[in-house]
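Student: I should like a close look at a single part of this model, namely the sheet and what packs on it. Please give one connected account.

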Amino acid sequence: MKLVDELLDGNRRALARAITVVENGTAEKKDLLAEIYPHTGNAYVIGITGSPGAGKSSLVDRLTEHIRKKHGLSVGIIAVDPTSPFSGGALLGDRIRMQDHVLDSGVFIRSMGTRGSLGGLSRATKEAIKVLDAGGMNIILVETVGVGQSELDIMNAADSIVVVLTPGAGDIIQTLKAGIMEIADIFAVNKADLDGADRTITEVGAMLDLDKERLWRPPVVRVVALNNYGLDDLFENILKHKEFFEGQGLLQSSRQLRLKSEVMDVVLDQLKEKIARELKDSGDLESVLERVVNRDIDPYQASDIILSKLMKL
Ligand SMILES: Nc1nc2c(ncn2[C@@H]2O[C@H](COP(=O)(O)OP(=O)(O)O)[C@@H](O)[C@H]2O)c(=O)[nH]1
Ligand SMILES: [Mg+2]
């Protein structure tokens, strides 16, 4: 595929077009994913999550500059914000802020739309990560608001997860409720210029003390995205986490586990599609439906009839 050749060559327009292909799920998507797959697995994926307003976009922006300047690594950024009430309004804001990077060929930024089901969003995001990976990005930063299941699922694609907190008791509670406290590999207490940062750091530490069994104790890093404070510390801790996991063979096993569930997901999805198509073509669903409507059989019995027919195929 020409698009893939260009993508592998590091062509940025091809990168953008390939992400559009996976986002829209057009016919060429399957071929594209198959062709890029052998070229994936090289990027290190970092998830950045936390409550709305915690400073995730600011941090991604500043961290990107830090990684470019200090480490010379290329950075791909995916921003997912399904909670945005404006169609792309907040995302556009993120883009404007990131304008400094537009001229840097070592940075590629993409906002993922809210189109499609939530499950579809997380699938498309994971596929976009693969596109950036094949496109040669060394580091991939995925920003997502820590709300629903889908956002948690997107984080399954990350090798290291940074949970961004801000001073104030409410933030920790909100984060705990959303279930993203336990997925953290690193805590970044952002807005440390505001009052209460020390207390937040102490509270997170106290919470971590409750679980002494864990192999990796997430470090708690103080950052101020606004004035670039703590970025070095943050990135060093991400690298430490990476090294620790690689050293223990855990990175490989967790990637393997992720691939296993990805294959399973695709199998189930394709099976569902296949069955839906079969039911539509055969009219089997319509034929039992009338009996369900008449209270002759219940949905479970209807399903048994349909399945027994399908199994014979
Ligand atoms: N005081 C302070 N404000 C910050 C800091 N980082 C970000 N902000 C502000 O917090 C607001 C939300 O930031 P944003 O990056 O959009 O948060 P997101 O919703 O988590 O992506 C913006 O007004 C930022 O300027 C910081 O370190 N200190
Ligand atoms: Mg944001």
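Tutor: The account below follows the sheet, then the helix on it, then the ligand. This is a predicted model, in which local features need pLDDT of at least 70 and side-chain atom pairs count only at pLDDT 80 or more, while totals for chains, interfaces and linings use all residues. Residues are numbered from 1 along each chain as its sequence is written, and chains are lettered from A and ligands numbered from 1 in the order in which they are written.

The sheet is open and has seven strands (DSSP runs of E, at least two residues, numbered from the N terminus) in the order β3-β2-β4-β1-β5-β6-β7, with parallel pairing; two strands pair if DSSP finds at least two bridges between them. Because β3 (107-112) and β7 (220-222) stand at the edges with a single partner strand each, one side of each lacks a neighbour in the sheet. From one strand to the next, the twist averages 20° (axes are lines fitted to C-alpha atoms, for helices over the stretch in contact, with angles from 0 to 180 degrees between N-to-C directions). Strand β1 (residues 44-50) pairs with β4 (residues 139-145) in the parallel sense over seven bridges, and Gly 50 stands opposite Val 145 in β4.

Helix α4 (helices are DSSP runs of H or I, at least four residues) packs on the sheet, touching β1, β2 (75-80), β3, β4, β5 (160-165) and β6 (186-189); contact requires C-beta atoms, placed from the backbone, within 7 Å. The direction of α4 makes about 170° with that of β4.

Helix α4 (residues 56-71) also gives the largest share of the shell around ligand 1, three residues. In total, 15 residues surround ligand 1, the closest being Gly 55, Lys 56, Ser 57, Ser 58 and Ala 225 (near means a C-beta atom, placed from the backbone, within 6 Å).

How values were computed. Two residues are in contact if their C-beta atoms, placed from the backbone, lie within 7 Å.
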